[in-house]
Amino acid sequence: MNSALILLGHGSGGKLSHQLLDDIIIPALSGIAPEEQNDAAVLPAIDGELAFTTDTYVVDPIFFPGGNIGDLAINGTVNDLAMAGAVPVAISVGLILEEGLPVADLQQVLASMRQAADTAGVRIVTGDTKVVPRGKGDKIFINTAGIGRIPAGRKISGSAARPDDKVLINGPVGDHGMAVMASREGLELTADIRSDSTALNGLVEDLFTACGDKLHVLRDPTRGGVATTLREIAGQSGVDITLEEQAIPLSEGVRGACAILGLDPLFVANEGKLLALVAPEAAEDALAAMRRHPAGRQATIIGEVTAASNGRVLMRTGIGGLRAIEMLSGEQLPRIC
């Protein structure tokens, strides 16, 4: 690559495009040999049910404390598969680059994607790259799609919550959303708030080992946060969920930042957290399994399914009252993933 910046010619399909792919993108993401570069990736035969997901990442800024748009895209896709009970197998990557993007920034994003994929044990097998004129994009957008294999016997669904199920979370909420917000707005916070972006497929496997079919629901509370995600589950399953306000883990940094900005941390996005609803007799085993995993050291039980009803989420406050938790209305924090 002779240029330090992305040029429109890098999306032309010609010589510059091939230089970008052969010199920068393919070696960074997959290392697929030239003789194996065809119009579609061929995957090995997979026995059993498949999970398939896609997502698009437009986070602003593309670099933030604790990560960047690259590892966020891979971790998010891995987690979407894991929340269906699937073992991630392969991921595709679509890159939309804005003219003028520094090649060094692209290389940093690609390196993070490769590292995230290697950590999660999943391969990036195919992709696409487009370049849009200056001012028609915002540095880089990434679309991903992922395929995962669901081991026999697993039935995970948002509609599977049952009365008396316990609600567990693997750590403090709101770190990702507040890290992106503080970085975008240039807020000088005394607390070190970093994104919690990470792959959760290993933690999910540990939960299945500990709980088996007593693990009923898995969901990562990304946009809309814990509150919106639990409202979705309650609605799908036709149950009421009651949370214990005092049990919800929250770092002091996020608590303070939310207080300053007037935000409710229950609605702030996470990228490395999961909610697990498990049968009551398996709750302690699930909690112990979470706490043994690096991504679940601060796991805790934050509530329970209290009744078969019409999809309400209630919060038992510190003074013993109950308040209803509604879904997020509008965008509390725009472009956080």
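Which residues lie nearest the centre of the second largest pocket? In this predicted model, they are Asp55, Thr222, Arg223, Glu271 and Cys337, which belong to a lining of 18 residues. If you would like to find that lining by secondary structure, go to β1 (50-57), α2 (69-82) and α6 (225-237), the elements that each give two or more residues to it.

The pocket itself has a volume of about 330 Å³. Its lining comprises nine charged, five polar and four nonpolar residues. Domain 1 (5-150) and domain 2 (165-325) each contribute at least three residues to this lining, so it is worth displaying both domains when you look at the site.

Now let's turn to the largest pocket. Its volume is about 790 Å³, and 31 residues line it, with Ile26, Gln37, Asn38, Thr126 and Gly127 the closest to its centre. Three elements, α1 (15-29), β4 (87-98) and β5 (123-132), supply at least two lining residues apiece. By class, the lining of the largest pocket has 14 nonpolar residues, alongside 11 polar and six charged ones.

Finally, here is a stretch of chain that carries an annotation. An unreviewed UniProt entry places the feature "domain: PurM-like C-terminal" at residues 162-313. Over those residues, the model has 36% helix and 19% strand. The C-alpha atoms at the two ends of the stretch are 14 Å apart.

Definitions and conventions
Residues are numbered from 1 along each chain as its sequence is written. This is a predicted model: local features need pLDDT of at least 70, side-chain atom pairs count only at pLDDT 80 or more; totals for chains, interfaces and linings use all residues. Side-chain values use heavy atoms; hydrogens and water are left out. On a 1 Å grid over the protein atoms alone, a cavity is a set of points where a 1.4 Å probe fits but cannot get out, and a pocket is an open set with protein on both sides within 12 Å along at least five of seven lines; lining residues have an atom within 4 Å of a point. Grid points are joined across faces, edges and corners, and a volume is the space filled by probe spheres set on the points. Helices (H or I, at least four residues) and strands (E, at least two) are DSSP runs, numbered from the N terminus. Ala, Val, Leu, Ile, Met, Phe, Trp, Tyr, Cys and Pro count as nonpolar, Asp, Glu, Lys and Arg as charged, and the others, Gly among them, as polar. Domain bounds come from an automatic or database domain assignment. UniProt positions are given in the numbering used here, feature names are shortened, and annotations may be inferred rather than shown by experiment.
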